[in-house]
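Grab a pencil and work through these exercises with the structure open beside you. Try each task before you read its solution.

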Amino acid sequence: MIQVAYVACWWLALEIIGLVSFPLVSRVCSGLSDRGYSISKLVGLVLLTYFVWMISVLHILPFGIASIAISFLLLVALSLFLGRNNLRIAAWPRRQIVISELLFAASFIILLLIVRGKPDIFFSGANDALFNNAFIQSILRGGYFPPLDPWFSGESVAYYYGEHVLIATLTSITRVPTTIAFNLAVAMFPALSVCASYGLGYNITAKKRYGLLAALFVCVAGYTSGAFQLLAFAFHSNVLGYPPPEATTLTDWLLWFDFFHAHWVIEGAIIHYPYSAFLMGDLHSYSVSPSFQLMFILLIFALFQKGRLSSELSRADTRIDIAVLSLCLGFFFILNTWEYPTYIIFTALAFLLLRIRPSIKGTLAIPAAIIGLSFVLYLPHFITGVMSGFHGLGLVTTRASIGQFLEFGALFLFISCSFIFILAKREILRARKTILLAFFVLLAIVVVAVLIDFQLLVITVPLGLLSLYLIYRSKQQSAREFVLLLLVMSAALAFFCEFIYINDALDVPWERFNTAMKVYLQLWVIFGTASACAVFYVVSSLGRKTKAVWITLVAVLIVASLVHPIAATTARLGGKHTDWGINRGTLDGMAYVKIVDKGDYDAIRWLNEEIPGAPVILEAPWSEGERRSRVSSFTGLPTVLGSRFCETMWGRGWQKLEERDNNAATIYNTLDNDQALELLSKYEVKYIYVGSLEQEAYATEGLRKFARYPDNYSLAYESEGVTIYEVRTE
């Protein structure tokens, strides 16, 4: 029952933040049917996190209850003052508020039940869950920003950490144990995404069913390859490269479903759709960001609607719009920097193509102000030198095929092409000249695609150019043109990802791994939203018989796209995959450690309860396939070295990492105490952790020296096979 209380506290805090923020959000989103309630929690979280971050990054106050209290009071004061004309509850869109809250409740509860089936902040496979938990724990230990890197002592985090500040803030407010808060956040962000995607679909089409369809497309649907895998099972033969599984019954197939295989759609890269990212449960930035992407798209649409409904806006409203949009745009910089350029371009195109503010000044000055201010507001993050793993751009040589892209987004592509065809047929197919021109343009695109082996040119160029053309030819800008803008962005993202990659620490053949993973998830959010709204316009334009056929085809594609997420969920909860659940029936992500190694479990709890601040603790550095770095991961205490792979991706030099790895081994193994003390002093180590993994990895005689020199090492903790020594300093 105590975990139910934790859920209630977390939920209540989120509701308070959303309600407090709604008057301000309602002012910015005054032209929307739901007045922005579907994203009020998200905007409130952005503002609160920003204030907390800024107070600490400017060294006004360290992270803690005081900085959070001041930030919350700032949020309340700002919202009540700027939204003072929207405080009358009777005027709030109560029906939409109820729907939004019901959607959040249903999504949050369902995700919590899924998380309970696999709550472990695990040590096998991808280590993203561990470093994300380590970052949160590090922030919760207090101090100024950027936070200390728990896996590279003596240095600050060289990565974006906005989500970790947000989660740490909610954790501090609710007093929920961190390893439970981690899993509450895992369920919270998908639920927020469902609300935001519903809000987008509903506000664009003014129809609730299309809001629900947007939530289905963006937050639940997956690859069509799940259907291929099901067909391979049903017919016991290879289907489009997917071999028949060994399962003999449908139940076994669902429990043993290979949900990882479909992510490798593109050679040398892994891609996710939002639900698969949610299902991973590791709180990586790419699984958190869809909700904030949807929030920002809806804010831009709100400005678009406001401009259409109001011939003249006050300077005060314009300034508030600019400030809120700037804060939310800049938040991508500290949340997931990969999305910041995307939404800069989206903002610029929205004002330029949709004429959100018809005057030249409004078309140029307002987006410039939003983009410029978004950079200035988050300038401290830029100055700290994060994202040092960026090494420029490279040209993609091995590109995705049309077949692979259809496997990724056949549902969205079919709907979007139908939408474009219906809108363009009168413009292009009405005369022989335009038909011939369209034919020769398409032929030229096909020839170029073949010559340079760039198959997606056949999809991205026509989709993008036709969408641009239709926006240009439109006599009156409407929500339909906003959907076309989303298709322009979809085409641009798909083109970019197959043309250029961000050069980071990964080499051939994995050079585009991160680019594809991060950009294709953005593509899914934007393409899925556009497709759901496009259904509304297509259905409204078709005749009775044609509509029935078209809806049937869409229904088949929807069913096909639901196979993968359903089977992936059953496989995860079924317990057939050993990497997906040691402990079950709890929200505590560290509970499994008690099963695996009770000594570690008790020692980690002792460290969290008894050791304040952020002294350096030495433990065995990360080794793939082992539970090392578990102490720093669950306490946030900085260690000499955690995962070399992660630190390499964050821009640490390999030579420094090797040196630290060797020095950690020397400290444990050497019989020369003076040498050990010299290295301990170099890294300012305060505590030495000797658990079962250290006893397996290092020489017994070397470990015994800590007990032989009581003048240099005092016994701080000993129980269940774990010993922690405190290094004495003169």
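**Exercise 1: A bridge between two helices**

Lys-682 and Glu-659 form a salt bridge, and their closest N and O atoms sit 2.6 Å apart. Task: work out which helices this pair ties together.

Step 1. Check the term: a salt bridge needs a side-chain nitrogen of Lys or Arg within 4 Å of a carboxyl oxygen of Asp or Glu.

Step 2. Place the partners. Lys-682 is in helix H28 (residues 673–682) and Glu-659 is in helix H27 (residues 654–669), so the pair ties together parts 23 residues apart in sequence. Helices here are DSSP runs (H or I, at least four residues), numbered from the N terminus.

Step 3. Look at the cover. Lys-682 counts as partly exposed at 48% relative accessibility, and Glu-659 is partly exposed too, at 35%. The cut-offs are under 20% relative accessible area for buried, over 50% for exposed, and partly exposed in between (1.4 Å probe, protein chains only).

Before you go on, a word on the model: it is predicted, local features need pLDDT of at least 70, side-chain atom pairs count only at pLDDT 80 or more, and totals for chains, interfaces and linings use all residues. Residues are numbered from 1 along each chain as its sequence is written, and side-chain values use heavy atoms, leaving out hydrogens and water.

**Exercise 2: Two more salt bridges**

Task: for Asp-602 with Lys-598, and for Glu-694 with Arg-630, find how the partners are placed.

Step 1. Asp-602 bridges to Lys-598, with the closest N and O atoms 2.7 Å apart. The two are four residues apart in helix H24 (residues 598–610), so about one helical turn separates them. Asp-602 is partly exposed at 21%, and Lys-598 is partly exposed at 35%.

Step 2. Glu-694 bridges to Arg-630, with 2.9 Å between the closest N and O atoms. Glu-694 belongs to helix H29 (residues 692–697) and Arg-630 to helix H25 (residues 630–635), so this pair ties together parts 64 residues apart in sequence. Glu-694 is buried at 0%, and Arg-630 is buried at 3%.

Step 3. Widen the view. Glu-694 and Arg-630 are linked with Asp-600 and Glu-619 in a network of salt bridges. A search of the whole structure turns up 19 salt bridges.

**Exercise 3: A nonpolar patch**

Task: list the residues of the nonpolar surface patch and say where Ile-452 sits.

Step 1. The patch is made of Leu-436, Phe-439, Phe-440, Leu-443, Val-447, Val-448, Leu-451 and Ile-452, with about 770 Å² of accessible area together. Patch residues have over 30% relative accessible area and no salt bridge; nonpolar side chains (Val, Leu, Ile, Met, Phe, Trp, Tyr) are joined within 5 Å, like charges within 9 Å. The areas come from the Shrake-Rupley method with a 1.4 Å probe.

Step 2. Ile-452 sits in the loop between H18 and helix H19 (457–473). At 42% relative accessibility, Ile-452 is partly exposed.

**Exercise 4: How far to trust it**

Task: which helix has the lowest mean pLDDT, and which the highest?

Step 1. pLDDT is the predictor's confidence in each residue, from 0 to 100. The protein's mean is 90, and 95% of its residues reach 70 or more.

Step 2. Among the elements, helix H18 (residues 432–451) has the lowest mean, 78, and helix H2 (residues 40–57) the highest, 98.

Step 3. Where pLDDT is low, don't read the predicted coordinates in detail.
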